[in-house]
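Let's take a walk through this protein and look at how its parts are held against one another. Keep the 3D view open while you read.

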Amino acid sequence: MTHFLWVEDFNFSEINRSENIVSSTVSSVFGSVLDDTELSARLAEEDESDAQDFLEEKGIFLKLNLLEALEFINDPKELAKIDFVVLDVDMPLENGQRDNNNYLSSLIERCPPEDALRKIAGYHIYTELVIELGFPKKHILFCSNHASYFEELKNKFASANIKPPISPNTNEPFLRKEDKEFINQWLNDAHLDYFVLRRGIIEGCKYLKSLSEEKLQFKEFIKKDDDKKIELEDIRDYLGVLENFLPLRKPSDKAARYKLFVRTLAHEWEAAEPQLINKADKNTGKYSFAWIMKMSRNWLAHGKVFEQLTAQDVAYLFIVNMRAMFDLGSDLLPYERNLLSLFTDVISVQEMQDKIGKGVQDRKIPLVENYAVLLKKTGNTWQAINFHDALNNLQKNKNKVTESEFLIKGLYQTFWFLTSSGSVFIPFDEEKIKGFTRLQYQFNYFDYHYQKQDYLFELARHIYSRSFS
């Protein structure tokens, strides 16, 4: 979920209005990314505070006057919460609050009179963001009902020799709230995969840095006599690096940036050994997650598998990595839900339940078929081997055609194969063994509602198509 700063005064000064100005304005600007029914119910009263509370839940930080906006953007912790900005043109300068940091008073002193300042207040927020704070111009949209002030605003940009803002309407740098087609186009661009991924990682790292020592389970994968010591503060530093890794400006070569991110993400697994895990945990997600990250780390060090990662792949590895490192409980966390929203080909709850079935006989997950495909690629159709070991062997074999796409898909499939451990059957009769030419194998039943681990079920249904299509 992309986050926004919205500076808007709702035109309460307008006397003749027949509709709820709060809900109608929210709908005009952000209606395409909000649920209409929820919006109407939550904003039934014409109340700005209700709007602030509701919108913040949706990642939209609403500020109602110039001073509120200046205080927000000049606080690095607050500014880090947002990815895009929507600005009204005119707005109240303040609403009785104290100007403790002298933001507004110094601006009034530089740009009198106050009435003229109010009419183009959005200009001063824009220049502060772009010129002083380096915020990307493409991430700011002017959207107002006060079209009468647009000409004055254009003249202000011209007199300051500043290029007008970038707008989805190439003919108009400032949009009216009825320009829904262009507003929706801008919002769609703001929700591109890169920005959703970046925000999901940031929010995930913030949450994980707040966890206590008892939630850190990564130590289980390190030998007790190993020189590597896992300290909570070191992990928090690691999370801080990941949190700030993806820049606000979308890189021209996203794939290269994604590879570097995953390299940093997986680096901690160099000394980790998934086989050290408790036997009781081998049929849970934790064991498969650890192996996925260990394999990723080794492949990054010795191959070129990760050259064309997608945002979905990075989201998957981030979720997997943190579930292996931390005890995060059974529920799907908000940042995980946001990252999983990147997967668009998601099977329904009912379809996932049908595929899981109630036992081996009615399970419809194609494990056997995909295991056979992997064995055939390795040239090994006669010897039983763990799926992830076979996948590792394929990646190491320089004589084989090891397509990156196949190997990345293998990292998704590893989740399924290590939760449903496999068995191989061969005849016990010595004479039959001599003529035996093909493996007979099956994989044990695993219920992805296992011990009511809801996050496992949600992860499974979101990655199912990516794993087996």
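Helices here are DSSP runs of at least four residues and strands are runs of at least two, both numbered from the N terminus. With that in hand, find His 139, which sits in the loop between helix H8 (121-132) and strand E4 (140-144). Bear in mind as you look around that this is a predicted model.

Is His 139 buried or exposed? Its relative accessibility is 5%, so His 139 counts as buried, the cut-off being under 20%. Leaving aside residues up to four places away in sequence, His 139 touches Asp 83, Phe 84, Val 85, Trp 186, Phe 195 and Leu 248.

Now step back to the whole chain. It has 22 helices and seven strands, and its C-alpha trace spans about 100 × 50 × 40 Å along the principal axes. Of the 469 residues, 50% count as buried. The accessible surface comes to about 22700 Å², and carbon and sulfur atoms own 46% of that. If you take the contacts with a separation of 6 or more, residues 24 or more positions apart account for 73% of them.

Next, the charged pairs. Side chains of opposite charge can pair when their charged atoms come close. A search of the whole structure turns up 23 salt bridges, and a few are worth zooming in on.

Start with Arg 118, whose side chain meets that of Asp 90 in a salt bridge, at 3.1 Å from N to O. Arg 118 belongs to helix H7 (residues 114-119), while Asp 90 is in the loop between strand E3 (84-87) and helix H6 (103-110), so this pair ties together parts that are 28 residues apart in sequence. As for solvent, Arg 118 is partly exposed at 25% relative accessibility, whereas Asp 90 is buried, with a relative accessible area of 4%.

Arg 118 also forms a salt bridge with Asp 115, where the closest N and O atoms are 3.0 Å apart. Here both partners are in helix H7, and because they are three residues apart, about one helical turn separates them. Asp 115 is partly exposed, its relative accessible area being 43%.

For a link between two helices, go to Arg 466 and Glu 405, a salt bridge with its closest N and O atoms 3.2 Å apart. Arg 466 lies in helix H22 (residues 454-468) and Glu 405 in helix H20 (residues 404-419), so parts that are 61 residues apart in sequence are tied together. Arg 466 counts as buried at 19% relative accessibility, and Glu 405 is partly exposed at 48%. Elsewhere, salt bridges that share partners join Asp 83, Arg 198, Arg 199, Glu 203 and Lys 206 into one network. You've already met Asp 83, as one of the residues that His 139 touches.

Finally, look at how two helices pack. The axes of helix H18 (residues 367-378) and helix H19 (residues 387-396) come within 10 Å and cross at roughly 35 degrees, and the crossing is left-handed. Which residues meet there? From H18 come Asn 370, Tyr 371, Leu 374, Leu 375, Lys 377 and Thr 378, and they meet Phe 387, Ala 390, Leu 391 and Leu 394 in H19. Sorted by type, the residues of this contact are seven nonpolar, two polar and one charged.

Notes. Residues are numbered from 1 along each chain as its sequence is written. This is a predicted model: local features need pLDDT of at least 70, side-chain atom pairs count only at pLDDT 80 or more; totals for chains, interfaces and linings use all residues. Side-chain values use heavy atoms; hydrogens and water are left out. A salt bridge is a side-chain nitrogen of Lys or Arg within 4 Å of a carboxyl oxygen of Asp or Glu. Buried means under 20% relative accessible area, exposed over 50%, partly exposed in between (1.4 Å probe, protein chains only). Axes are lines fitted to C-alpha atoms, for helices over the stretch in contact, and angles run from 0 to 180 degrees between N-to-C directions. A crossing is left-handed if the near helix is turned anticlockwise from the far one by less than a right angle, and right-handed if clockwise. Contact means heavy atoms within 4.5 Å. Ala, Val, Leu, Ile, Met, Phe, Trp, Tyr, Cys and Pro count as nonpolar, Asp, Glu, Lys and Arg as charged, and the others, Gly among them, as polar. Accessible areas come from the Shrake-Rupley method with a 1.4 Å probe; for residues, only the protein chains shown count as cover.
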